[in-house]
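Here's a quick briefing to read alongside the model. Have a look at the structure first, then go through the points by topic.

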Amino acid sequence: MAEENKNKKPGINIELDEKIAEGTYSNLAIINHSVSEFVVDFVSIMPGTPKSKVKSRIILTPQHAKRLLKALGDNIKRFEKAHGEIKDYEQPPIPLNFGPTGQA
């Protein structure tokens, strides 16, 4: 028993409550960045609805953003290997408006 505990690597205990586990649907991600952070806003745009709200915002360090890019790439490769290529359909550009614009 003591041998087993020596070989175990310490893990991170991650808690997932019911509300977060439900998830939030998004069909648009808007990404902005500064020198110190990446901001990813997740939006759900519904056809025929002239206005949409940001449903979730995630703020990442540049290092974590790069790790996320690699992790998504690895997962997409595994998904496509199991299920076939994900088709990327051409979409018309979506005009984005984040409220009234200021004047100088």
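**Salt bridges, a surface patch and a loop**

D74 is partly exposed, with 30% relative accessible area. Keep in mind that this is a predicted model. D74 is also half of a salt bridge with K70, and the count for the model comes to two such bridges.

**Within helix α3**
- The side chains of K70 and D74 meet at 3.0 Å, N to O.
- K70 and D74 sit about one helical turn apart, because they are four residues apart in helix α3.
- K70 counts as exposed at 54% relative accessibility, because the cut-off for exposed is over 50%.

**Between strands**
- R57 and D41 form a salt bridge too, at 2.6 Å from N to O.
- This pair ties together distant parts of the chain, with R57 in strand β3 (residues 54–60) and D41 in strand β2, 16 residues apart.
- D41 is buried at 3% relative accessible area, whereas R57 is exposed at 52%.

**Nonpolar patch**
- L68, L72, I76, F79 and I86 make a nonpolar surface patch of about 440 Å².
- I76, one of these patch residues, is found in helix α3 (residues 62–83).
- The relative accessible area of I76 is 41%, so this residue is partly exposed.

**The β1–β2 loop**
- V35 lies in the loop that runs between β1 (28–33) and β2 (38–43).
- With 81% relative accessibility, V35 is exposed.
- V35 and T61 are 26 residues apart along the chain, and 9.2 Å separates their C-alpha atoms.

Conventions: Residues are numbered from 1 along each chain as its sequence is written. This is a predicted model: local features need pLDDT of at least 70, side-chain atom pairs count only at pLDDT 80 or more; totals for chains, interfaces and linings use all residues. Side-chain values use heavy atoms; hydrogens and water are left out. Helices (H or I, at least four residues) and strands (E, at least two) are DSSP runs, numbered from the N terminus. Buried means under 20% relative accessible area, exposed over 50%, partly exposed in between (1.4 Å probe, protein chains only). Patches are made of residues with over 30% relative accessible area and no salt bridge: like charges are joined within 9 Å, nonpolar side chains (Val, Leu, Ile, Met, Phe, Trp, Tyr) within 5 Å. Accessible areas come from the Shrake-Rupley method with a 1.4 Å probe; for residues, only the protein chains shown count as cover. A salt bridge is a side-chain nitrogen of Lys or Arg within 4 Å of a carboxyl oxygen of Asp or Glu.
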